[in-house]
Structure formats: C-alpha cells, structure tokens
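Please open the structure in your viewer and keep the sequence panel beside it, since the tour moves back and forth between the two.

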Amino acid sequence: MSKEKYLKIASQAAHQERFRNFKPASELWRIAQGLAVTQADCTWCELRADTCRVAAEGKRVSINSTESNNESSRYKTLVIGSLVSVRL
C-alpha cells in the first residue's frame, strides 16, 4: 500500500478523534492500520483505534509515563479500562 493513502486515512482518523467523534475515528484508525507500511505505524493505529473504541463506549482511558528500573529508556503504559495494558 502507498504511504500517501495511509497518511490520508490516518489524518482523517486524527481529525475525527480531535472532535471527539470516537466511533468513526476508531473505524478510520482500523482502516489506517491495514494500510500501514511500518510496524510502528500499525501498532500506533491499533492503539488509537482501541482508545477511540473505549472512549466511544464512555469508558475512561489513562496513559501513565514510568521510568524503567532495568533500562535507561522510558516507556509508557496505556491502560484502557481494565481491558488492555501495553508497554510503548
């Protein structure tokens, strides 16, 4: 797939998300996920789609930033209700 098509759909998804239209944003993020060229883009779209889906259901979403004791790098943990916890 072309990067341009992915960017167009991801941009539309982000626009819908900014205006709190979470259901269509989630659907657009899923489409963008299928068009993603890199694994990083694919993972990002998956996380955005899940976040928007949960927000559309009226559930709370929180993102926590934590310093790892085993590594010098920082990571973020995304917690969507009690459904998902993903290290980024």
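What follows is a walk from the whole chain to its helix contacts and then to a few single residues.

**The whole chain**

Begin with everything selected, bearing in mind that this is a predicted model. Coloured by secondary structure, the protein shows 3 helices and 3 strands, and reading from the N terminus the order of these elements is α-α-α-β-β-β. If you switch to a surface, you are looking at an accessible area of about 5,800 Å², 52% of which belongs to carbon and sulfur atoms. Of the 88 residues that make up the protein, 32% count as buried. Among contacts with a separation of 6 or more, 30% are made by residues that stand 24 or more positions apart.

**Helix 1 against helix 2**

Next, select residues 3-18, which form helix 1, together with residues 22-35, which form helix 2; the two pack at an angle of about 160°, and their axes lie 8 Å apart. Because of that angle, which is over the 145 degrees required, helix 1 is roughly antiparallel to helix 2. The crossing of helix 1 over helix 2 is left-handed. To see the contact itself, show side chains on helix 1 for Lys5, Tyr6, Ile9, Ala10, Gln12, Ala13, Ala14, Gln16 and Glu17, and on helix 2 for Phe22, Pro24, Ala25, Leu28, Trp29, Ile31, Ala32 and Leu35. Colouring this contact of helix 1 with helix 2 by residue class gives 13 nonpolar, 2 polar and 2 charged residues.

**The loop between them**

Before leaving this pair, move to arginine 20, which sits in the loop between helix 1 and helix 2. Its backbone deserves a look, as arginine 20 has a positive phi of about 60° although it is not a glycine. Is arginine 20 buried or exposed? With a relative accessible area of 63%, arginine 20 is exposed.

**Helix 1 against helix 3**

Keep helix 1 on display and add helix 3, residues 39-56. Helix 1 and helix 3 pack at an angle of about 25°, with 12 Å between their axes. Since this angle is under 35 degrees, helix 1 counts as roughly parallel to helix 3. Here, too, the crossing of helix 1 and helix 3 is left-handed. The residues to display are Lys3, Tyr6 and Glu17 from helix 1, and Asp41, Cys45, Arg48 and Cys52 from helix 3. By class, this contact of helix 1 with helix 3 comprises 3 nonpolar and 4 charged residues, and no polar ones.

**Aspartate 41**

From that contact, centre the view on aspartate 41, which is found in helix 3. Which residues does aspartate 41 touch, leaving aside its neighbours within four places in sequence? They are Lys3, Tyr6 and Ala36. The relative accessible area of aspartate 41 is 16%, and because the cut-off for burial is under 20%, aspartate 41 counts as buried.

**Serine 2 and valine 37**

For the last stop, go to serine 2, which lies in the segment before helix 1. Serine 2 has a relative accessibility of 33% and therefore counts as partly exposed. Draw a distance from the C-alpha of serine 2 to the C-alpha of valine 37: although the two residues are 35 residues apart in sequence, the C-alpha atoms are 7.5 Å apart in space.

Methods
Residues are numbered from 1 along each chain as its sequence is written. This is a predicted model: local features need pLDDT of at least 70, side-chain atom pairs count only at pLDDT 80 or more; totals for chains, interfaces and linings use all residues. Side-chain values use heavy atoms; hydrogens and water are left out. Helices (H or I, at least four residues) and strands (E, at least two) are DSSP runs, numbered from the N terminus. Buried means under 20% relative accessible area, exposed over 50%, partly exposed in between (1.4 Å probe, protein chains only). Contact means heavy atoms within 4.5 Å. Accessible areas come from the Shrake-Rupley method with a 1.4 Å probe; for residues, only the protein chains shown count as cover. Axes are lines fitted to C-alpha atoms, for helices over the stretch in contact, and angles run from 0 to 180 degrees between N-to-C directions. Angles under 35 degrees count as roughly parallel, over 145 as roughly antiparallel, 65 to 115 as roughly perpendicular and the rest as oblique. A crossing is left-handed if the near helix is turned anticlockwise from the far one by less than a right angle, and right-handed if clockwise. Ala, Val, Leu, Ile, Met, Phe, Trp, Tyr, Cys and Pro count as nonpolar, Asp, Glu, Lys and Arg as charged, and the others, Gly among them, as polar.
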